[in-house]
Amino acid sequence: MDEIKKNVKIVLNIQDNLQDPVLDILIKNVRSLLLSKLRKVNKSIKEIPEELEYIIEEVTLRRFNRIGSEGMKSESVEGHKIDFYDLDKELDPYLDIIDDYAEDEEPKPKRGKVLFF
């Protein structure tokens, strides 16, 4: 989690520790959300694969930047408009990637013939 928080702070240009409690909560919540999505496609997953941790960073950044605008679908100020993802759709851009971790289906037994000569 420290590496994720470090990366998020770099992107947000946060150079102190004042936002750490907020970032810790956001990272924990996003991690739980991603893990639950992964477990829906593969029940054997216990931890988020390292190669998917960038998803936690990206969604945490979005959530942090949305602080103060929770519950809003869009915001428009002097011709500048921002549309927000619904919280339940935050992982939609990553669903194809998440689906790649789906459990392989059990191969179905093949029916064959036995010939006696």
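Two residues are in contact here when they have heavy atoms within 4.5 Å of each other. Keep that in mind as we walk through the model.

The structure is a predicted model, in which local features need pLDDT of at least 70 and side-chain atom pairs count only at pLDDT 80 or more, while totals for chains, interfaces and linings use all residues. Residues are numbered from 1 along each chain as its sequence is written, and side-chain values use heavy atoms, with hydrogens and water left out.

Let us begin with the overall plan. The protein chain has four helices and two strands, where helices (H or I, at least four residues) and strands (E, at least two) are DSSP runs numbered from the N terminus. Following the sequence, you meet them in the pattern α-α-α-β-β-α. Of the 117 residues in the protein chain, 28% are buried; buried means under 20% relative accessible area, exposed means over 50%, and partly exposed lies in between (1.4 Å probe, protein chains only). Among contacts in the protein chain with a separation of 6 or more, 57% join residues 24 or more positions apart.

Now look at helix H1, residues 2-12. Which of its residues are buried? They are Ile4, Lys5, Val8 and Lys9. These residues cover an arc of only 130° around the axis, so they sit on the same side of H1; the arc is that of the directions from the helix axis to the C-beta atoms. On the face turned away from this buried side, H1 carries the exposed residues Asp2, Ile10 and Val11. What covers the buried residues of H1 includes H2 and H3, and these two helices are our next stops.

Helix H2 spans residues 20-41, and its axis comes within 10 Å of that of H1, crossing at roughly 120°. H1 is therefore oblique to H2: angles under 35 degrees count as roughly parallel, over 145 as roughly antiparallel, 65 to 115 as roughly perpendicular and the rest as oblique. The axes are lines fitted to C-alpha atoms, for helices over the stretch in contact, and the angles run from 0 to 180 degrees between N-to-C directions. The crossing of H1 and H2 is right-handed; that is the word if the near helix is turned clockwise from the far one by less than a right angle, and left-handed if anticlockwise. From H1, Ile4, Lys5, Val8, Lys9 and Leu12 meet Asp20, Leu23, Asp24, Ile27 and Arg31 of H2. By class, this contact of H1 with H2 has five nonpolar, no polar and five charged residues. Here Ala, Val, Leu, Ile, Met, Phe, Trp, Tyr, Cys and Pro count as nonpolar, Asp, Glu, Lys and Arg as charged, and the others, Gly among them, as polar.

H1 also packs against H3, at an angle of about 45° with the axes 10 Å apart. That makes H1 oblique to H3, and their crossing is right-handed. Ile4, Asn7, Val8, Val11 and Leu12 in H1 meet a set of H3 residues that includes Ile56, Leu61 and Phe64. The residues of this contact divide into seven nonpolar, three polar and two charged.

What about H2 and H3? Helix H3 covers residues 53-65, and its axis comes within 9 Å of the axis of H2, with a crossing of roughly 130°. H2 is therefore oblique to H3, and the crossing of H2 and H3 is right-handed. Residues taking part include Leu23, Leu26, Ile27 and Leu34 from H2 and Ile55, Ile56, Val59 and Phe64 from H3. In this contact of H2 with H3 there are eleven nonpolar, two polar and three charged residues.

Leu12, in helix H1, is a good residue to pause on. Not counting residues up to four places away in sequence, Leu12 touches Leu23, Leu61, Phe64 and Asn65. Leu12 and Asn65 are 53 residues apart in sequence, yet 8.9 Å apart in space, C-alpha to C-alpha.

Finally, visit two loops. Asn13 lies in the loop between H1 and H2 and has a positive phi of about 60° although it is not a glycine. Asn13 counts as exposed because its relative accessibility is 56%. Glu78 lies in the loop between strand S1 (74-77) and strand S2 (80-83). Glu78 has a positive phi of about 45°, although it is not a glycine, and it counts as exposed because its relative accessibility is 82%.
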